[in-house]
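I opened the notebook to log what I looked up in this entry. Sequence and coordinates go in first, then my notes.

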Amino acid sequence: MRLQRIEIAELGRLGGPVAVAAHLRSLVPDGASVAQPVAEIVERVRADGDAAVLDYTHRLDAREIERSELDARGLRVSADELDAAIKRLPLELVAGLQVTIANVAQVADAAAGHDTVVTPPQGQRIGLRELPVGSAAVYVPGGRAPYPSTVAMGVVTARAAGVLDVAVCSPPGVNGNVDDAILGACRLCGVERVYRIGGAQAIAALAYGTETIDRVDVIVGPGNLYVQEAKRQVSGVVGIDGFAGPSDLLVALAGELDERAVHNAALDMLAQGEHGEGSLVVAVCAGPGVGDALAMALARLDAERPVDGATFALVDVLDASQALELANAFAPEHLQLIGGGAEPLAPRVRSAGCVFVGADSATAFGDYVAGSNHILPTGGAARFASMLSTRHFTRRMAEVRIDADAAAKLARAGVPIARAEGFEWHARSMEARIGDN
């Protein structure tokens with residue numbers, strides 16, 4: 001375990017909360033730029049379609065089967081393959097996924113917007129209509145480990161928004177097969193279109209379309225640096241949820257903490273560290289001995305089952321208010337508040353992807369079955385971005401109805417503005433509606 005300890009005395013040297021947050025972020029090096037190779041992949045897929053996707057899939061993913069076999073299987077997973085996969089899954093996994101699907105659906109439904117009408121003083125009516133996009137795709141990673149939970153997070157939320165056409169793509173393993181857990185989750189979510197493709201080539205294919213892969217309107221989901229860079233590059237062509245980098249967690253501990261609470265906090269930190277290289281896990285400890293107790297718990301648990309790749313940091317602060325200031329400046333993907341001093345601060349949190357309050361509110365529940373979405377803003381993006389919700393799959397369209405009386409009143413206000421901006425025809429267009437009013 002890579003663990004850095006920042007003592008109270010160092011906080012003054014580092015500066016205020018924003019500077020300390022920046023220092024913590026610097027503990028995880030930025031990924032090397034992949035903009036150029038991703039641009040080459042995107043352009044080739046745009047130009048050559050299926051042939052390019054199959055070539056990249058064979059070279060980068062399905063390396064242990066013959067290219068002719070991959071061509072024969074095709075890019076799209078058949079309905080028979082989906083049915084066979086779910087039959088091979090353990091019953092307890094199917095039951096767990098069903099809980100995830102139900103809870104995510106309930107939360108997503110609550111977040112769905114509704115049509116509304118606004119009537120300003122002049123009398124015009126502005127109808128605001130919430131419209132789902134026509135189609136969406138969920139990218140589900142499959143390299144380090146399969147993520148069937150991501151299928152539910154993306155697909156169920158899109159469906160709650162009213163999107164009928166939802167596709168899933170996931171990279172095949174070296175044998176050319178997508179993991180059964182992912183395929184089974186797709187079948188449980190009622191997904192009809194599943195593609196055995198991954199990487200930047202998958203994002204390009206979904207953005208532009210190929211002979212086999214229909215283009216979509218929105219692409220969401222986590223993935224490696226190549227996947228996220230590809231999403232960034234095609235974001236002018238399709239909608240995306242954001243740039244999802246390595247995972248991060250900040251645990252704030254303050255107040256009277258018993259051994260169980262400290263033990264649970266250590267477990268939660270190690271759990272988030274399992275996301276691997278680039279992950280950043282921070283604990284902010286207020287109170288005498290809290291940091292020491294947590295450090296000992298981390299060392300003891302890590303000795304049982306080491307966590308490699310992630311970076312861990314412990315920061316000692318003076319009190320819970322200082323912990324909150326640092327948390328808001330750090331803007332974590334996940335924020336846990338543990339202890340009588342930290343938990344009451346939840347209403348004052350302003351920047352976090354998702355907040356977990358209490359010693360039993362483990363981030364791991366949010367990753368799977370709590371109902372909150374685990375596709376969250378990373379790298380400090382919680383300052384301006386939100387968890388995946390129905391909003392990512394909808395558009396707001398205004399419908400304006402102005403009667404003659406309202407038009408006359410609005411024209412008297414609008415004409416001077418148009419002329420001040422040098423748009424005479426705008427002015428005359430509105431002026432014509434004044435009439436005899």
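**Entry 1: a starting residue.** In which strand is the place of Val357? I found Val357 in strand β13. I kept in mind that this is a predicted model.

I then looked up how covered Val357 is. Its relative accessibility is 36%, so I logged Val357 as partly exposed. The cut-offs put buried under 20% and exposed over 50%.

Next I listed its contacts. Setting aside neighbours within four places in sequence, Val357 touches Leu337, Glu343 and Ala346. I also took one long separation. The C-alpha atoms of Val357 and Arg193 are 38 Å apart, with the two positions 164 residues apart along the chain.

**Entry 2: the strand around it.** β13 covers residues 354-357. I sorted its side chains by face. Cys354 and Phe356 make up the covered face. Val355 and Val357 make up the uncovered one. I noted the general rule beside this: side chains in a regular strand alternate between the two faces of the sheet.

Which way do β12 and β13 run, parallel or antiparallel? They run parallel, and four bridges join them. One bridge I checked by residue pairs Leu337 with Val357 in β13. Leu337 also appears in the contact list of Val357.

**Entry 3: the loop before β12.** I stepped back to the loop between α14 (320-330) and β12 (334-338), where Ala331 lies. The phi angle of Ala331 caught my eye. It is near 50 degrees, a positive value in a residue other than glycine. Is Ala331 buried or exposed? With a relative accessible area of 0%, Ala331 is buried.

**Entry 4: the parallel sheet.** I traced an open sheet of five strands, in the order β6-β5-β4-β7-β8. Its pairing is parallel. Why do β6 and β8 each have one side without a neighbour in the sheet? β6 (193-195) and β8 (239-240) stand at the edges with a single partner strand each, so one side of each stays without a neighbour there.

I followed the β6 edge further. β5 (residues 165-169) pairs with β6 in the parallel sense over three bridges. Cys169 has Tyr195 in β6 as its bridge partner.

**Entry 5: the antiparallel sheet.** I then looked up an open sheet of three strands, ordered β2-β3-β14, with antiparallel pairing. β2 (116-118) and β14 (394-401) are at the edges, each with a single partner strand, so one side of each lacks a neighbour in the sheet. From one strand to the next, the twist averages 25 degrees.

How many bridges pair β2 with β3? Three bridges do, in the antiparallel sense, and β3 takes in residues 125-132. I checked one position: Thr116 stands opposite Leu128 in β3.

**Entry 6: whole-chain numbers.** I closed with the totals. The protein has 17 helices and 14 strands. Its C-alpha trace spans about 85 × 60 × 40 Å along the principal axes. Of its 437 residues, 49% are buried.

I looked at contacts with a separation of 6 or more. Residues 24 or more positions apart account for 73% of them. The accessible surface comes to about 20,000 Å², and carbon and sulfur atoms hold 54% of that.

Charges came last. I logged 38 positive and 54 negative side chains. The centres of the two sets lie 7 Å apart.

Note on methods
Residues are numbered from 1 along each chain as its sequence is written. This is a predicted model: local features need pLDDT of at least 70, side-chain atom pairs count only at pLDDT 80 or more; totals for chains, interfaces and linings use all residues. Side-chain values use heavy atoms; hydrogens and water are left out. Two strands pair if DSSP finds at least two bridges between them. Helices (H or I, at least four residues) and strands (E, at least two) are DSSP runs, numbered from the N terminus. Axes are lines fitted to C-alpha atoms, for helices over the stretch in contact, and angles run from 0 to 180 degrees between N-to-C directions. Buried means under 20% relative accessible area, exposed over 50%, partly exposed in between (1.4 Å probe, protein chains only). Contact means heavy atoms within 4.5 Å. Accessible areas come from the Shrake-Rupley method with a 1.4 Å probe; for residues, only the protein chains shown count as cover. Lys and Arg count as positive and Asp and Glu as negative; His and the chain ends are not counted. The place of a charge is taken as NZ of Lys, CZ of Arg, CG of Asp or CD of Glu.
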